[in-house]
Amino acid sequence: MSIQPKILFTKKSLPYILEAFGKTINDDGIIIDAATKEPIQTPDGEFIEANKFGGLKKGSEIFLKDDLYSIMKLAEGKY
């Protein structure tokens, strides 16, 4: 049995994690693409506030909000 690596998203680590994906947080607290300055959107087209960031879908750059709706859609395989 091997241990699967996991990344813990905290307020303190979030800027570093976003930077690894070429993202950052703008002055309004929205996650944006560092190069284009365009806001990152959920699969449903919503902008993601840094304080509502839930994580990334495994093996992708699909950004998720920290809410029940997003978790349910992920669990149902709709993201």
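**Exercise 1.** What share of the contacts in the protein chain with a separation of 6 or more comes from residues 24 or more positions apart?

Solution. The model is predicted: local features need pLDDT of at least 70, side-chain atom pairs count only at pLDDT 80 or more, and totals for chains, interfaces and linings use all residues. Residues are numbered from 1 along each chain as its sequence is written, and side-chain values use heavy atoms, with hydrogens and water left out. Begin with the term: a contact means heavy atoms within 4.5 Å. Among contacts in the protein chain with a separation of 6 or more, residues 24 or more positions apart account for 19%.

**Exercise 2.** Describe the order of helices and strands.

Solution. Helices (H or I, at least four residues) and strands (E, at least two) are DSSP runs, numbered from the N terminus. The protein chain has two helices and four strands. Along the sequence they follow the pattern α-β-β-β-β-α.

**Exercise 3.** Find the residues of the largest nonpolar core, and the elements that give two or more of them.

Solution. Buried means under 20% relative accessible area, exposed over 50%, and partly exposed in between (1.4 Å probe, protein chains only). A nonpolar core is a set of buried Ala, Val, Leu, Ile, Met, Phe, Trp, Tyr and Cys residues joined through side-chain atoms within 4.5 Å. Here the largest one has nine residues: Leu14, Leu18, Ile31, Ile40, Ile48, Ala50, Phe53, Leu56 and Phe63. Helix 1 (14-20) and strand 3 are the elements that give two or more residues to this core. In soluble globular proteins, nonpolar side chains tend to be buried together. Next, look at alanine 50: leaving out residues up to four places away in sequence, alanine 50 touches Leu14, Ile25, Gly29 and Ile31.

**Exercise 4.** Is lysine 65 buried or exposed, and which side chain does a polar contact join to that of lysine 65?

Solution. First, locate lysine 65 in strand 4 (residues 63-65). Lysine 65 counts as buried because its relative accessibility is 15%. A polar contact is a pair of N or O atoms within 3.5 Å; within protein, one must be able to donate a hydrogen and the other to accept it, and residues adjacent in sequence count only if both atoms are side-chain atoms. One such contact, of 3.1 Å, joins the side chains of lysine 65 and glutamate 46.

**Exercise 5.** Place lysine 37 and state its phi.

Solution. Lysine 37 lies in the loop between strand 2 (31-33) and strand 3 (53-56). Lysine 37 is exposed, at 51% relative accessible area. Its phi is positive, about 65°, although lysine 37 is not a glycine.
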